[in-house]
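Student: Please take a close look at one part of this model, the salt bridges, and set them in their surroundings. Which side chains are paired, and what lies around them?

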Amino acid sequence: MCQRDQYFVLILGLDNAGKTTFLEQTKTKSNKNYQGMNLAKITSTVGLNIGKIDVGTSRLNFWDLGGQEELQSLWDKYYVESHAVIFIVDSSDRDRIEESRDAFEKMVMNDNLAGVPLMLLANKQDLDGCLKVTEVKTIFNSPLQCMGQRESWVQAVSALRGDGVQEGIDWLVEAIK
Ligand code: GDP
């Protein structure tokens, strides 16, 4: 078996943002034989979901951390180990968009993540009335501006349908190398 380059990728975001659904969708897309969870039956992450996918010579190990407020304090324990971060936003939840932006801001300011590539996913784009990716970019603009030198990308996705997921992973694999 060939030796793969190992990378660790954190999947962060508020509870209910779609982290677990994204991870399952990613595993399904990367492995046609993967019999994953029923996406429609996934409930919010409490604890840690782990997944891995192989892309070319790279192995991406994902950690999907719980997003509830009391669990957010655990995020930074994982920062030093991670090679990239995926931050997922529920674009349909206007009531919690500021809370999501604040959690994102706190995360990007953490020194242990300095220079780590970061992808912001504007999720649930399939829902009517959701914030469009340009609106999400505007709301997250100030933390995006002050996060220093690193590669970053904002991607519109529907984790449930799988739209935009492959594009996001393609960007991540290039950015991480
Ligand atoms: P987590 O708490 O961040 O892990 O979020 P989950 O993956 O458990 O998703 C929370 C809820 O949002 C579930 O009911 C999912 O089916 C739903 N969900 C996740 N992604 C999408 C999406 O792209 N579109 C829609 N309509 N629902 C989604």
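Tutor: Glu-98 and Arg-101 form a salt bridge through their side chains, at 3.2 Å from N to O. This is a predicted model. Both residues belong to helix H4 and sit 3 residues apart, so about one helical turn separates them. Glu-98 has a relative accessibility of 44% and counts as partly exposed. Arg-101 is buried, because its relative accessible area is 18% and the cut-off for buried is under 20%.

A second group of charged residues is linked through shared partners: Arg-4, Asp-54 and Arg-59 make up one network of salt bridges. Within this network, Asp-54 pairs with Arg-59, and their closest N and O atoms are 2.7 Å apart. Asp-54 is partly exposed at 32% relative accessibility, while Arg-59 is buried at 18%. In total the model has 9 salt bridges.

Another of these joins Arg-96 to Asp-15, with 3.0 Å between the closest N and O atoms. Arg-96 lies in the loop between strand S4 (84–90) and helix H4 (97–108), and Asp-15 lies in the loop between strand S1 (5–12) and helix H1 (19–30), so the salt bridge ties together parts that are 81 residues apart in sequence. Arg-96 is partly exposed, with a relative accessible area of 21%. Asp-15 has a relative accessible area of 19% and is therefore buried, the limit being under 20%.

Arg-96 and Asp-15 also appear together in the lining of the largest cavity. The model has 1 cavity of 30 Å³ or more, and the space in the largest cavity is about 80 Å³. Besides Arg-96 and Asp-15, the lining includes Leu-14, Asn-16 and Ala-17, as well as Asp-93, Ile-97 and Ser-100. Ile-88, Val-89 and Asp-90 are also lining residues. Strand S4 gives the largest share of the lining, 3 residues. S4 and H4 each contribute at least two residues to the lining.

The strands named so far belong to an open sheet. Its 6 strands follow the order S2-S3-S1-S4-S5-S6, with mixed pairing. Strand S2 (48–55) and strand S6 (152–156) are the edge strands, each pairing on one side only. From one strand to the next, the twist averages 20°. At the S6 edge, strand S5 (residues 118–123) runs parallel to S6 and is joined to S6 by 5 bridges. Ala-122 stands opposite Ala-156 in S6.

The two helices named with the Arg-96 and Asp-15 loops both meet this sheet. H4 packs on the sheet and touches S1, S4 and S5, and the direction of H4 makes about 170° with that of S4. H1 lies across S1, S2, strand S3 (58–65), S4 and S5, and runs at about 30° to S2.

To return to the request, the two pairs that involve H4 or its preceding loop can be set side by side. Glu-98 and Arg-101 are about one helical turn apart within H4, whereas Arg-96 and Asp-15 tie together parts 81 residues apart in sequence.

How values were computed. Residues are numbered from 1 along each chain as its sequence is written. This is a predicted model: local features need pLDDT of at least 70, side-chain atom pairs count only at pLDDT 80 or more; totals for chains, interfaces and linings use all residues. Side-chain values use heavy atoms; hydrogens and water are left out. A salt bridge is a side-chain nitrogen of Lys or Arg within 4 Å of a carboxyl oxygen of Asp or Glu. Helices (H or I, at least four residues) and strands (E, at least two) are DSSP runs, numbered from the N terminus. Buried means under 20% relative accessible area, exposed over 50%, partly exposed in between (1.4 Å probe, protein chains only). Two strands pair if DSSP finds at least two bridges between them. Axes are lines fitted to C-alpha atoms, for helices over the stretch in contact, and angles run from 0 to 180 degrees between N-to-C directions. Contact means heavy atoms within 4.5 Å. On a 1 Å grid over the protein atoms alone, a cavity is a set of points where a 1.4 Å probe fits but cannot get out, and a pocket is an open set with protein on both sides within 12 Å along at least five of seven lines; lining residues have an atom within 4 Å of a point. Grid points are joined across faces, edges and corners, and a volume is the space filled by probe spheres set on the points.
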